Amino acid sequence: MSSENLPQSPAQEPRKPRVAVVFGGRSSEHSISVVTAGAVLRAIDREKYDVLPIGITTDGRWVLTADEPDRMAIADRALPSVESLAESTEGGVVLSVDPGNREVVLSEPGSVPKALGEVDVVFPMLHGPYGEDGTLQGLLELSGVPYVGSGVLASAVGQDKEYMKRVFISFGLPVGPYEVIRPRDWENDPSAARKKIVDFAGEHGWPLFVKPARGGSSMGITKVDDLSGLDEAIEEARRHDPKILVESLLRGREIECGVLEFEDGPRASVPAEIPPVTSHDFYDFEAKYIDSAAGLVPAPMTEEQTAEVRKLAVDAFDAASCEGLVRADFFLLDSGEFVINEINTMPGFTPISMYPRMWQETGVSYPELVDRLIQAALRRPTGLR
């Protein structure tokens, strides 16, 4: 029988890229990370990608979780956790640090480790320290696994508000007045640290905002109207981070703008405005996530103001060497000047969060946004770039 008459085996379909959605983590933003990951899991095109949900518990263990986005939402003001979603409370998931081996292994006590297959890209939905701050990004660089979002340096800069502001200043971006109290300042000489803040208030006026230098989701932030509330505000911030940042009140409008990496470079979304929240002192955690205070998209501004803030958002993205996505937060001062407050390298990402809403208004739907980020990560190599 000639070879041309031999039965032909059916062509094997190409394997779909496998996306590990990693969420939870050890920071105080654990629950918000779970909520965000649930929205992403719901939006990923399962005909285009295989998905592996991996949760990180509050004590840092990596575990397989149920792929059930409905269980990952805030329900009756109750926040979800990885522990409630874990398929097993013993053992854990291990990612190889061999860049030639992208296989994920499940290890459980008394059992032979079980291979779960290779991962092509990680979608890290972690907020705050131990995930958004360059630590997870460093692990993925060592493992040689592509991932969504910024690299080690930009993630670290985006998490530490002090060094973020230093980078912006060095690039000529407008930044508001601030002061830093380092751990040893407060621990060794609280009187001197307190005087430093009082002198700052004397120059810039009360009220002040006292916040964790490396926090997020408005956790640990206190608006301080006078000296009497200062110590309590410092201790509250230090519950989240031993280094704290003190900022003066900037009188104006809160404006946000999203940046997304396209094939030809980063582009800015239409901006949004966070209107004053009458039921809260400021746009705090409960206003953002529990009471779902809504922003205005697009922000009611002139064409010139809109163009300026979009340019500043991209400039901030480039200044910090960001990749993938960023939400840049600004104040439009009563004087008409824009001041950049901070960037978030992994912003809130539920469909009602400001970042996806801004891109929806710009013409990029939530599922398309998720797909674009995954595709950008698959194109981008790990290592120096």
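In this predicted model, four strands make up an open sheet of mixed pairing, arranged in the order E3-E2-E1-E7. Strand E3 (62-64) and strand E7 (121-124) lie at the edges, each of them pairing on one side only, and neighbouring strands of the sheet are turned against each other by 30 degrees on average, direction ignored.

Within this sheet, strand E1 (residues 18-24) pairs with E7 in the parallel sense over four bridges, and Val19 is placed opposite Val121 in E7. Helix H11 (residues 366-379) packs on the sheet, where it touches E1 and E7, and the direction of H11 makes about 130 degrees with that of E7.

A second region of interest is helix H3 (residues 152-159), in which Ala154, Ser155, Val157, Gly158 and Gln159 are buried. The elements that cover these buried residues of H3 include those in the table below.

| Element covering H3 | Residues |
|---|---|
| helix H2 | 135-143 |
| helix H4 | 161-170 |
| strand E16 | 338-344 |

Helix H3 also takes part in the second largest pocket, contributing three residues, the largest share of the lining. This pocket has a volume of about 190 Å³, and its lining consists of Glu141, Tyr147, Gly151, Val152, Leu153, Ala154, Ser321, Glu323, Gly383, Leu384 and Arg385. By character, the lining residues of the second largest pocket divide into five nonpolar, three polar and three charged. Ala154 thus belongs to the lining of the pocket and is also among the buried residues of H3.

Note on methods. Residues numbered from 1 in each chain as written. Predicted model: local features only at pLDDT ≥ 70, side-chain atom pairs only at ≥ 80, totals over all residues. Heavy atoms only, no water. Pairing = 2+ DSSP bridges. Helix = DSSP H or I, 4+ residues; strand = E, 2+ residues; numbered from the N terminus. Axes fitted to C-alpha atoms, helices over the stretch in contact; angles between N-to-C directions. Contact = heavy atoms within 4.5 Å. Buried < 20%, exposed > 50% of the residue type's maximum accessible area, 1.4 Å probe, protein only. 1 Å grid on protein atoms, 1.4 Å probe; cavity = no way out; pocket = protein on both sides within 12 Å on 5 of 7 lines; lining within 4 Å. Points joined across faces, edges and corners; volume = space filled by probe spheres on them. Nonpolar A, V, L, I, M, F, W, Y, C, P; charged D, E, K, R; others polar.
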